[in-house]
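Hi everyone, thanks for making time this morning. I'd like to walk you through one structure, so please have the view open while I talk.

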Amino acid sequence: MSNVFLSRSLNVIDDFSISERRYFFGKVQELKNAIISNDEKGMDKFRINDPDFGIYEVFLEDSTRTKESFRNAAEFHHAKVSELLSSSSSINKGESYADTFNMLSGYHNTIFIVRSRVEGLTRWLSEECGEYAKRNSLPYKPAFINAGDGKHEHPTQELLDEFTFLEDLNMDFSSIHIALVGDLYHGRTVHSKADGLRIFDKVKVDLIAPDELMMPEAYIEKMKENGFEVNIYPSIEAYLKNGDIAKLWYFTRPQLERMGERILQKQEILREAITFRRDFLPYLKEGTKFYHPLPRHKEHPTIPTWLDKTELNGWERQAINGMYCRIVLLSLIGGKIGDDYTPVPGEHDEDRRTEEYIIRVEPSGEKKTKNYSEGVRPITDGIVIDHICKGDTPGEIRDHMRLISSVLGLDEGRGGEWISRGSDGQYKGIIFRPGCRPFERKDLKRLAAVAPHCTLNIIRNGRVEEKYRIHMPPRIYNFDDLCCQNDACISHPSNGEGVPAAFYRTPDGHFACAYCGKFHTFKEIWKKRP
């Protein structure tokens, strides 16, 4: 049986399935026991132990905790450990990420650990450098580990967090009740939990933050889609009055300096809402543990230092667990361990990608001149796109019909647009183009992306010869005019990498960027037009 972990990239926490992560945690526990008991044979089971095996640290954003944790983990393996200093890198002189990492891949570097403000960077690099390795017949495929990308995710932090939770839950995956406290808006460590906590069969999450620091709606929605029970509270004080208090609390550092002068003017009120106080102690349950990804704010820690010597302190062990988890992760991706893992059938299936979303239906064969006409003249040949943005306001429908016409290249043709109102009182848009060119499969795909839930009628000789019901596609890619609206995303034009935008459909009917994960409506995934 082949090792499914070999040369795998970890860009977001969900790149490893639930069963793969559960296997991972068992191995971390095994390694930790071996290190604590100084069991050299037990430790050697995990060591890559190859001086030619290249592990490269590339930290394009300042970091001490994650960087040093990975460095010590890499050195455990007795491998070749290198570092790219961002201060002297040509990346800061405008060199493309792809060229830089392709070059380093050719120097016998197998695993790259990358931290950056650019979201989705490692996803792009794993694709681009994989193609580079194939083109140049390299004997290995470079693997990438996301060590934190902007406000997106921090999957290795999520792994060590989950392992620490499990230690305090006696390695029981059946359920977890956890409070997330602090700056949930900027905190990529809590964003990773929207998918990360899926390792537990039952999940209850209490989000504690004032509105200005609350978790973005997209991540709350993802938690709900994953079956989590989610409760929201504006402050610790309000939470404690609730009575149903979690035994596990996860704090983050408020990053108010990133939010402008208006927020800084009320920073004392915001900090007070998410900082633990001595008078809160009587409300806690026996066995409660606090966690923090560290470092804490020097002047305004959400977990005050007087708690360091109490039984609440789970954050110090949490930090130590970081090195154990990263040792095992490198061991898995390097192929040293993982041969005994049995994949769970269907866990990585992506059946959604092959589902049909353009449905051809049989037209009635009746003439449609009564309904579809250009002024007083009937359409004898052409197209009619019906049911556009049903339920929107007339102004919204008109705006979007202009975008549809541009995306489909219909601006130069004759015809027009209508707004009609059905018997249910809802408005819908209709685009008609007499004498229009035939629609090919690629045109239908573009129509599905820009106007899902519409109906396309192709009229010849006064009759509807072809009729299509258009649904929302599971993926959208290979269109030059797609654009993620997150300017921190690797695919955004402002980053100059030429990364083609791509999106996948979410269960709630949004399109999420394949790189940074930002949610968009189908109206928002297109480049702005003049």
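Let's start with the open sheet of four strands, which has the order β2-β1-β3-β4 with parallel pairing. Which strands stand at the edges? They are β2, residues 80-85, and β4, residues 143-149; each has a single partner strand, so one side of each is left without a neighbour in the sheet. From one strand to the next, the twist averages 15 degrees. Please keep in mind throughout that this is a predicted model.

Inside the sheet, β1 and strand β3, residues 109-116, run parallel and are joined by six bridges. If you'd like a spot to click on, find F59, which stands opposite R115 in β3. Helix α5, residues 121-135, packs on the sheet and touches β3 and β4. The direction of α5 makes about 165 degrees with that of β4.

Now look at helix α4, residues 97-105. Seven of its nine residues are buried, so α4 is largely enclosed by the rest of the structure. Those buried residues are Y97, A98, T100, F101, N102, L104 and S105. What covers them? The cover includes β1, β2, β3, α5 and β4, so we are back at the strands of our sheet.On to charges. Side chains of opposite charge can pair when their charged atoms come close. A search of the whole structure finds 37 salt bridges, and I've picked three for today.

The first on my list is between the side chains of R21 and D14, at 3.3 Å from N to O. Is R21 buried or exposed? R21 is buried, with a relative accessible area of 0%, while D14 counts as partly exposed at 33%.

Next come K32 and E167, whose side chains meet in a salt bridge at 2.8 Å, N to O. K32 lies in helix α1, residues 18-36, and E167 in helix α6, residues 155-168, so the pair ties together parts that are 135 residues apart in sequence. K32 is buried, with a relative accessible area of 11%, whereas E167 is partly exposed, at 23%.

The last pair takes us back to the sheet. R71 forms a salt bridge with E57, and their closest N and O atoms are 3.7 Å apart. R71 sits in helix α3, residues 65-76, and E57 in strand β1, residues 54-59; the two are 14 residues apart, and the pair links distant parts of the chain. Both R71 and E57 are buried. Which residues join them in a network? Salt bridges that share partners connect E57, K67, R71, E75 and E83 into one network.

Let's move to the nonpolar side of things. The largest nonpolar core has 88 residues, and those with the most contacts inside it are L180, M215, W249 and F290. Helix α13, residues 315-333, gives the most to this core, with nine residues. W249 is a good one to zoom in on: leaving aside neighbours within four places in sequence, its contacts include A179, V181, I236, Y239, L240, F276 and F290. There is also a second, separate core of 59 residues, with L444, A449, L456 and W526 among its members.

A quick stop at I419, in strand β14, residues 416-421. At 26% relative accessibility, I419 counts as partly exposed. Not counting residues up to four places away in sequence, I419 touches P394, I397, R398, M401, Y427 and K428. The C-alpha atoms of I419 and H387 are separated by 9.7 Å, with the two residues 32 apart along the chain.

Finally, cysteines, since somebody usually asks. How many disulfides are there? The count comes to zero. For C483, the nearest cysteine sulfur is that of C484, 6.8 Å away, and C483 counts as buried at 7% relative accessibility. Why is C484 not bonded to C516? The sulfur of C484 is 3.6 Å from the one in C516, its closest cysteine sulfur, and that is too far for a bond, because a disulfide needs the two sulfur atoms within 2.5 Å. C484 counts as buried too, at 0% relative accessibility.

That's my tour, and I'm happy to go back to any of these spots on the screen.

Conventions: Residues are numbered from 1 along each chain as its sequence is written. This is a predicted model: local features need pLDDT of at least 70, side-chain atom pairs count only at pLDDT 80 or more; totals for chains, interfaces and linings use all residues. Side-chain values use heavy atoms; hydrogens and water are left out. A salt bridge is a side-chain nitrogen of Lys or Arg within 4 Å of a carboxyl oxygen of Asp or Glu. Buried means under 20% relative accessible area, exposed over 50%, partly exposed in between (1.4 Å probe, protein chains only). Two strands pair if DSSP finds at least two bridges between them. Axes are lines fitted to C-alpha atoms, for helices over the stretch in contact, and angles run from 0 to 180 degrees between N-to-C directions. Contact means heavy atoms within 4.5 Å. A nonpolar core is a set of buried Ala, Val, Leu, Ile, Met, Phe, Trp, Tyr and Cys residues joined through side-chain atoms within 4.5 Å.
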